[in-house]
Amino acid sequence: QVQLVESGGGLVQPGGSLRLSCTASGTIFGIFHMGWYRQAPGKQRELVADITIGGSTNYADSVKGRFTISRDGAKNTMYLQMNSLKPEDTAVYYCNVRGNYEYWGQGAQVTVSS
């Protein structure tokens, strides 16, 4: 059973940066979509950014120009670089990969606070 393992969350001051990583424990076949989602307390899970197997990216309006999604196939890893963080970015962030099956990471807490 392939697992997605996330790392890189934490506490950061407004204006700061964090990089989330999501590494697959094995090979995922038939990948056609990879993305990062987040869920803030009392809110629904929302798409933050996604990337196709061809490398096309898409971002939520709230993070455009601040967040960057990328992947390293050789390392089976996807990243989310988050710059200029705001308190409203506080949430649990989940990575997601869709192929022959759908996989979710365990979640990484990101807290933006002074």
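A salt bridge here is a side-chain nitrogen of Lys or Arg within 4 Å of a carboxyl oxygen of Asp or Glu. With that in hand, here are some notes on this model, which is a predicted one.

1. **Glu46 and Arg38.** The side chains of these two residues form a salt bridge, with N and O 2.7 Å apart. The two partners differ in their surroundings: Glu46 is partly exposed at 35% relative accessibility, whereas Arg38 is buried, at a relative accessible area of 6%.

2. **Arg38 and Asp89.** Arg38 also meets Asp89 in a salt bridge, this one at 3.0 Å from N to O. Arg38 belongs to strand β4 (residues 33-39) and Asp89 to the loop between β8 and β9 (91-98), so this pair ties together parts that are 51 residues apart in sequence. Asp89 is buried, with a relative accessible area of 0%.

3. **Arg66 joins in.** Asp89 forms a salt bridge with Arg66 as well, and the closest N and O atoms are 2.8 Å apart. This pair again links distant parts of the chain: Arg66 sits in the loop between β6 (57-59) and β7, Asp89 in the loop between β8 and β9, 23 residues apart. Both Arg66 and Asp89 are buried. Taken together, Arg38, Glu46, Arg66 and Asp89 are linked in a network of salt bridges. The search of the whole structure finds 5 salt bridges.

4. **The four-stranded sheet.** Now to the strands. One open sheet has 4 strands in the order β1-β3-β8-β7, with antiparallel pairing. Its edge strands are β1 (4-7) and β7 (67-72), each of which pairs on one side only. On average, neighbouring strands of this sheet are turned by 15 degrees against each other, direction ignored.

5. **Inside that sheet.** Strand β3 (residues 18-24) and strand β8 (residues 77-82) run antiparallel and are joined by 6 bridges. If you want a pair to look up, Leu18 has Met82 as its bridge partner in β8. On the other side, β1 and β3 also run antiparallel, joined by 4 bridges, and the partner of Ser7 in β3 is Ser21. Strand β1 has a covered face, made of Leu4 and Glu6, and an uncovered one with Val5 and Ser7.

6. **Ser21.** This serine is placed in strand β3 and counts as buried at 12% relative accessibility. Leaving aside neighbours within four places in sequence, Ser21 is in contact with Val5, Glu6 and Ser7, with Trp36, and with Thr77, Met78 and Tyr79.

7. **Strand β11 and its partners.** Which way do the side chains of β11 point? They alternate: Ala108, Val110 and Val112 point to one face and are buried, while Gln109 and Thr111 point to the other and are not. Strand β2 (residues 10-12) pairs with β11 in the parallel sense over 3 bridges, and here Leu11 stands opposite Thr111. Strand β9 runs antiparallel to β11, again with 3 bridges, and Val92 has Gln109 as its bridge partner in β11.

8. **The nonpolar core.** In soluble globular proteins, nonpolar side chains tend to be buried together. In this model the largest nonpolar core has 31 residues, of which Trp36, Leu80, Met82 and Tyr93 touch the most other members. The elements giving two or more residues to this core are β3, β4, β5 (46-52), β7, β8, β9 and β11 (108-112).

9. **Tyr93.** It is worth clicking through the contacts of Tyr93. Beyond neighbours within four places in sequence, Tyr93 is in contact with residues including Leu20, Val48, Phe67, Leu80, Met82, Ala108 and Val110. Arg38 from the salt-bridge network is on the contact list too, as are Glu6, Tyr37 and Gly107.

10. **Leu85.** Finally, a loop residue: is Leu85 buried or exposed? Leu85 lies in the loop between β8 and β9, and with a relative accessible area of 1% this residue is buried. Not counting residues up to four places away in sequence, Leu85 touches Val12, Pro14, Gly15, Gly16, Ser17 and Leu18, and also Arg66, Phe67 and Val112. As for Ser62, that residue is 23 residues from Leu85 in sequence and 11 Å away in space, C-alpha to C-alpha.

Terms used: Residues are numbered from 1 along each chain as its sequence is written. This is a predicted model: local features need pLDDT of at least 70, side-chain atom pairs count only at pLDDT 80 or more; totals for chains, interfaces and linings use all residues. Side-chain values use heavy atoms; hydrogens and water are left out. Two strands pair if DSSP finds at least two bridges between them. Axes are lines fitted to C-alpha atoms, for helices over the stretch in contact, and angles run from 0 to 180 degrees between N-to-C directions. Buried means under 20% relative accessible area, exposed over 50%, partly exposed in between (1.4 Å probe, protein chains only). A nonpolar core is a set of buried Ala, Val, Leu, Ile, Met, Phe, Trp, Tyr and Cys residues joined through side-chain atoms within 4.5 Å. Contact means heavy atoms within 4.5 Å.
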